[in-house]
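Work through the following exercises with the structure open beside you, trying each task before reading its solution.

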Amino acid sequence: ENYDLHHKYVNRTLAKVLGTIGFDKVYARAEGSYLYDMDGRDYLDFLSGYGVYNMGRNHPVIRKAIEDVLSMDLPNMVQMDCALLSGLLAEKVAEITPPHLDACFFCNSGTEAVEGAMKFARASTGRTRILSLAGSYHGLSYGSLSATHNAQFQEGFGPLLPGVEKVAYNDVADLEEKLKQGDVAAFIAEPVQGKGVHIPDEHYFPAAQDLCRKYGALFIADEVQTGLGRTGKLFGFQHWDLEPDIITMAKALSGGYVPCAAIVTTRKIYQGVFSRLDRCVVHSTTFGRNNLAMACGLASIEVIKSENLVENSRVMGEKLMEGLRALASRHDLIKEVRGKGCMIAIEFQQPRSLKLKMAWKAIHKVDKGLFAQMVVSSLLDRHRILTHVAGHNMDVVKLLPPLIIGQKEIDRCVQGFDDVLQ
Ligand code: PMP
């Protein structure tokens, strides 16, 4: 019934796509790493709201923070004035990011943070061109969509924002070529690319950052998905000791309750946007800095730190990848298991045996992404494990478990894959 209502009133396409990952199910309750259906059966959540529930679902500390704020009768969203809690969260964000980043703009979604970061880059540098990587995902509003170099999302929505250009993935020479042409305000990148879970060669990001400095372009790290422990470091850029000029954050900052996002940057860039004497530049949003969102952000960071979730993400992510890699000796369908921390992909390939090869080809003839969808559906139907396909037309299943998982959840996932691939 829920599925029918959604299909009728909300979004047909989404309902159809999500139908393959359990959208026709009604979950009555959620706690930690599990969802429960009406009959009390548990579903292991290796999807985490696309990377939101780093701290697990319905975390008591975050719920308590919301209850506390609600019980205080605070003025909320005083708009032209200061909301009570935004200073505290901004201070906390400055504390957990590198020292040169001490200015924070709060907004409501990852897309909005990216959109604002692109505007900040243009306004503070006075330049116009913005570069982003092939295969990237930065959001779906016009600015961020223009940086999302993915035909699946861009097709049918043109013309897109002028001045936003694609650079080849993992290709230092291409980036330099584009920077050399001049007028580049910023290069924006996901430290680990969400669609497909791609990680560039070790030298790529340090070289890219050096090139940005050389040509006077800002480096924006889109940490919407990789931030707050997802990749086994607090931020993805820390894997390469980078010093981005702007960071975007969202998803886990919300604690899974109230949308909360941030653009974090240097005082100089911030002032280059908001304090220019030669013109009045305005960037603003109604719901940004509302007390509930700020309380969620503060509680979320507190839980991630106090429960040591960054370290748990690294350790459990390694164990999960080890377990999945061990399956490759029995299943030549597995091409590669890759990832960082609890952001993991398992990529499939055409198997060697003649019989399976024919089945593989038949499936791919129907739809290039069908095999991964079949794996996702079977994991759900046979083992009650929620996963998702990593992107359009890919033979890749993506795992984004909550960072609180332990050996029990890892074993269930690895055994699930073993059975489904068999
Ligand atoms: N940037 C990245 C790296 C993302 O993963 C996402 C969401 N998947 C976004 C931006 C957009 O965030 P939102 O859906 O909150 O608008």
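**Exercise 1.** Determine how many residues surround the ligand in this predicted model, and which element gives the most to the shell.

*Solution.* Begin with the count: 14 residues surround the ligand, and the closest are Ser-109, Gly-110, Thr-111, Val-224 and Gln-225. Next, assign the shell to elements, where helix 6 (residues 110–125) gives the most, with three residues. Finally, sort the shell by class, which yields five nonpolar, seven polar and two charged residues.

**Exercise 2.** Describe how the axes of helix 15 and helix 16 are oriented to each other, and list the residues that make the contact.

*Solution.* The axes of helix 15 (residues 370–383) and helix 16 (residues 407–421) come within 10 Å and cross at roughly 115°. Angles of 65 to 115 degrees count as roughly perpendicular, and the two helices are therefore roughly perpendicular to each other. The crossing of helix 15 past helix 16 is right-handed. Helix 15 contributes Val-375, Ser-378, Leu-379, Arg-382 and His-383 to the contact, while helix 16 contributes Arg-412, Gly-416, Asp-419 and Val-420. By class, this contact has three nonpolar, three polar and three charged residues.

**Exercise 3.** Establish the order of the four strands in the open sheet, and find the helix that packs on the sheet.

*Solution.* The strand order is 11-12-15-14, with antiparallel pairing. Strand 11 (334–340) and strand 14 (388–389) are the edge strands, each pairing on one side only. Strand 11 is joined to strand 12 (residues 343–348) by six bridges, and Val-337 stands opposite Ile-346 in strand 12. Helix 13 (residues 309–327) packs on the sheet, touching strand 11 and strand 12, and the direction of helix 13 makes about 175° with that of strand 11.

Technical notes
Residues numbered from 1 in each chain as written. Predicted model: local features only at pLDDT ≥ 70, side-chain atom pairs only at ≥ 80, totals over all residues. Near = placed C-beta within 6 Å. Nonpolar A, V, L, I, M, F, W, Y, C, P; charged D, E, K, R; others polar. Axes fitted to C-alpha atoms, helices over the stretch in contact; angles between N-to-C directions. Parallel < 35°, antiparallel > 145°, perpendicular 65-115°, else oblique. Left-handed = near helix turned anticlockwise from the far one by under 90°. Contact = placed C-beta atoms within 7 Å. Pairing = 2+ DSSP bridges.
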